[in-house]
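Hi everyone, thanks for coming along. Let me put the structure up, and then we can walk through it together.

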Amino acid sequence: QVQLVESGGGLVQAGDSLRLSCAASGLTFSSYFPAWFRQAPGKEREFVAGISWSGGSTNYADSVKGRFTISRDNAKNTVYLQMNSLKPEDTAVYSCAARRSVFAKFDYWGQGTQVTVSS
């Protein structure tokens with residue numbers, strides 16, 4: 001059974017940092033392309049960041065470029081999202097997802113972790 005389990009969310013103040021983790025099990029994680037998404041109340045889910053299987057290629061939403069960094073540790077079957085200079089508009093439920101290639105749909109999703117940034 002495939003599972004993606006996020007952790008690391010919480011309540012912080014504007015300007016603070018958080019690191020989210022997503023631990024994968026039940027799949028050959030190193031063969032997958034993971035990504036982070038977020039969904040704020042009343043808004044559609046949006047892409048935040050993605051990373052290649054090797055970690056050598058990353059991409060980000062314009063709204064987080066220069067502040068967020070996605071990384072992965074295939075030995076630990078884990079993908080991370082380092083979030084710096086957090087803003088109130090970053091408040092959302094953050095979820096990780098994984099797909100077999102950049103052309104495929106996301107097959108697996110985690111349950112999400114809440115990030116709340118106060119002003």
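The chain has zero helices and 11 strands, where helices (H or I, at least four residues) and strands (E, at least two) are DSSP runs numbered from the N terminus. Please keep in mind that this is a predicted model, in which local features need pLDDT of at least 70 and side-chain atom pairs count only at pLDDT 80 or more, while totals for chains, interfaces and linings use all residues. Residues are numbered from 1 along each chain as its sequence is written, and side-chain values use heavy atoms, with hydrogens and water left out.

How compact is the chain? Its radius of gyration, taken over C-alpha atoms, is 13 Å, close to the 14 Å that the globule rule (2.2 Å times the number of residues to the power 0.38) gives for 119 residues, so the chain is as compact as a globular protein of that length. The C-alpha atoms fill a box of roughly 40 × 25 × 25 Å along the principal axes.

Now let's look inside. Of the 119 residues, 43% count as buried; that means under 20% relative accessible area, with exposed over 50% and partly exposed in between, using a 1.4 Å probe and protein chains only. The largest nonpolar core (buried Ala, Val, Leu, Ile, Met, Phe, Trp, Tyr and Cys residues joined through side-chain atoms within 4.5 Å) has 29 residues, and among those touching the most other members are Trp-36, Phe-68 and Tyr-94. Elements giving two or more residues to this core include β3 (18-25), β7 (68-73) and β9 (92-99). Beyond its neighbours within four places in sequence, Tyr-94 is in contact (heavy atoms within 4.5 Å) with residues including Glu-6, Trp-36 and Val-115.

On to the aromatic rings. Rings of Phe, Tyr and Trp (its six-membered ring) pair if their centres lie within 6.5 Å; planes under 30 degrees apart are stacked, over 60 edge-to-face, and the rest tilted. The count comes to five aromatic pairs. Tyr-32 and Tyr-108 have ring centres 6.0 Å apart and planes at 55 degrees, so this pair is tilted. Because Tyr-32 lies in the loop between β3 and β4 (33-39) and Tyr-108 in strand β10 (residues 108-109), the pair ties together parts 76 residues apart in sequence. Tyr-32 is buried, at 5% relative accessible area, whereas Tyr-108 is partly exposed, at 26%.

Finally, Phe-37, Phe-47, Phe-106 and Trp-109 form one aromatic cluster.
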